Amino acid sequence: MTLLLAPAGYGKTSVLDLWFQRLKAAGQRVVWLSASENEREPFRFLQMLVLALEAAGVDPGDDARRAMGDGTPAALLDSLLFGLERQREPLVIIVDDYDHVDHPPITQLVQELIAALSPTVHFVL
């Protein structure tokens, strides 16, 4: 995990975007999620993460897609982790503006997600 800390206006998004573009240009699989206050609920945050994975061409798995519709946060997290465990190639997941969703349930969810991730998946907050 990489944690980028700086006050507002110091260019965190610009640095992350530059990193994202360089990784992409190098052929690295990289996912971008722009967090907002709308994702302050765990289920919504996970839904947006699944959509970001799909938009980047990363298959989160059928179980994760099913759990997005009518699952619980725990079911969606488990399904997503199962899908990410199948990733054999390195993957970087960048969550920009994570401070916008800094909420205890989201923090706990992200901690669980990072703790259970495969070594091939790198999280950037």
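Ala, Val, Leu, Ile, Met, Phe, Trp, Tyr, Cys and Pro count here as nonpolar, Asp, Glu, Lys and Arg as charged, and the others, Gly among them, as polar. The model is predicted, so that local features need pLDDT of at least 70 and side-chain atom pairs count only at pLDDT 80 or more, while totals for chains, interfaces and linings use all residues. Residues are numbered from 1 along each chain as its sequence is written, and side-chain values use heavy atoms, with hydrogens and water left out.

**Exercise 1. Describe the largest pocket and its lining.**

Step 1. A pocket is found on a 1 Å grid over the protein atoms alone, as an open set of points where a 1.4 Å probe fits, with protein on both sides within 12 Å along at least five of seven lines; lining residues have an atom within 4 Å of a point. The volume is the space filled by probe spheres set on the points, and grid points are joined across faces, edges and corners.

Step 2. The largest pocket has a volume of about 290 Å³. Its lining holds 17 residues, of which L4, A6, K12, Y98 and D99 are the closest to the centre.

Step 3. The lining divides into 10 nonpolar, three polar and four charged residues.

Step 4. Helices (H or I, at least four residues) and strands (E, at least two) are DSSP runs numbered from the N terminus. Helix 1 (12-25) and strand 2 (91-96) each supply at least two lining residues, and the largest share, three residues, comes from helix 1.

**Exercise 2. Determine whether S34 is buried, partly exposed or exposed, and list its contacts.**

Step 1. S34 is found in strand 1 (residues 29-34).

Step 2. Buried means under 20% relative accessible area, exposed over 50%, and partly exposed in between (1.4 Å probe, protein chains only). S34 counts as partly exposed because its relative accessibility is 44%.

Step 3. Contact means heavy atoms within 4.5 Å. Leaving aside neighbours within four places in sequence, S34 is in contact with E39 and D96. S34 and D96 are 62 residues apart in sequence, yet their C-alpha atoms are 4.8 Å apart.

Step 4. The side chains of S34 and W32 are joined by a polar contact of 2.8 Å. Such a contact is a pair of N or O atoms within 3.5 Å; within protein, one must be able to donate a hydrogen and the other to accept it, and residues adjacent in sequence count only if both atoms are side-chain atoms.

**Exercise 3. Compare the span of helix 4 with its expected value, and state what its buried residues pack against.**

Step 1. The expected span is 1.5 Å times one less than the number of residues. For the 13 residues of helix 4 (residues 73-85) this gives 18 Å, and the end C-alpha atoms are 18 Å apart, which agrees.

Step 2. The buried residues of helix 4 are L76, L77, S79, L80, L81, G83 and L84. They pack against helix 2, helix 3 (62-70), strand 2, helix 5 (104-116) and strand 3 (121-124).

Step 3. From helix 2 (residues 42-55), Q47 touches M68 and L76, not counting residues up to four places away in sequence. L46, also found in helix 2, is in contact with P73, L76, L77, L80 and L109, with neighbours within four places left aside. L46 counts as buried because its relative accessibility is 0%.
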